[in-house]
Amino acid sequence: MAATDSAATLLCVVPPTLGMIWALKEFVWLRSIKLTGPNGEGLKEALTGGVSAGEVDKILKSMEEIASFISVGATAFLNKEYQYMVVYMIAFSCILFPLVGAPTC
């Protein structure tokens with residue numbers, strides 16, 4: 001009985017711990033990325049430099065169109081991710097339920 005309790009404890013503790021360590025590693029890596037324009041100038045100057053006022057409207061419309069594509073893609077990605085998450089939760093529950101048992105539910 002002690003072996004199944006240990007296995008259940010490991011299955012409940014190790015994956016979230018590894019996930020948090022991975023998330024922390026990714027956070028540190030993303031914080032190290034510096035956003036600069038070409039030739040090391042600031043991002044704002046790189047985006048607005050050398051553009052006439054008439055071109056700004058065309059650029060803004062293009063940016064809005066690209067943003068809508070990104071939004072649609074992000075929503076589709078999240079929906080697919082939720083589908084995978086449901087499968088993962090059901091599979092992991094089927095693995096844990098026999099190890100933990102019904103009385104602990």
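## Exposure of the charged pair

A residue is called buried when its relative accessible area is under 20%, exposed when that area is over 50%, and partly exposed in between. In this predicted model, Lys25 has a relative accessible area of 41% and is therefore partly exposed. Glu26, at 26% relative accessibility, falls into the partly exposed class as well.

The side chains of Lys25 and Glu26 meet in a salt bridge, with a distance of 2.8 Å from N to O, and a search of the whole structure finds one such bridge. Lys25 has a further contact, since it lies over the face of Trp22, at 4.4 Å from the ring centre. Lys25 thus takes part both in the salt bridge with Glu26 and in the placement of a charge over the ring of Trp22.

## Overall fold and surface

The secondary structure of the protein consists of three helices and zero strands, and the order of the elements, read from the N terminus on, is α-α-α. Two of these elements are taken up below: helix H1, which covers residues 2–31, and helix H3, which covers residues 53–100.

Of the 105 residues in the protein, 4% are buried. The accessible surface of the protein amounts to about 9100 Å², and carbon and sulfur atoms account for 72% of that surface.

## A nonpolar surface patch

Five side chains, those of Leu10, Val13, Val14, Leu18 and Ile21, form a nonpolar patch on the surface, and together these residues contribute about 460 Å² of accessible area. One of them, Leu18, is located in helix H1. The relative accessibility of Leu18 is 54%, and because the exposed class begins over 50%, Leu18 counts as exposed.

## The aromatic pair in helix H3

The structure holds one aromatic pair. The pair consists of Tyr88 and Phe92, whose ring centres are 5.5 Å apart and whose planes meet at 15°, so the arrangement counts as stacked; the cut-off behind this assignment is an angle under 30 degrees between the planes.

Both Tyr88 and Phe92 belong to helix H3, where they are four residues apart, a spacing of about one turn of the helix. How accessible is Tyr88, one partner of the pair? With a relative accessibility of 41%, Tyr88 counts as partly exposed, because this value lies between the limits of 20% and 50% that separate the three classes.

Methods
Residues numbered from 1 in each chain as written. Predicted model: local features only at pLDDT ≥ 70, side-chain atom pairs only at ≥ 80, totals over all residues. Heavy atoms only, no water. Phe/Tyr/Trp six-rings, centres within 6.5 Å; stacked < 30°, edge-to-face > 60°. Helix = DSSP H or I, 4+ residues; strand = E, 2+ residues; numbered from the N terminus. Buried < 20%, exposed > 50% of the residue type's maximum accessible area, 1.4 Å probe, protein only. Lys NZ or Arg CZ within 6 Å of the ring centre and 35° of its normal. Areas by Shrake-Rupley, 256 points an atom, 1.4 Å probe, with all protein chains shown as cover. Patch = residues over 30% accessible without salt bridge, like charges linked within 9 Å, V, L, I, M, F, W, Y side chains within 5 Å. Salt bridge = Lys/Arg side-chain N within 4 Å of Asp/Glu carboxyl O.
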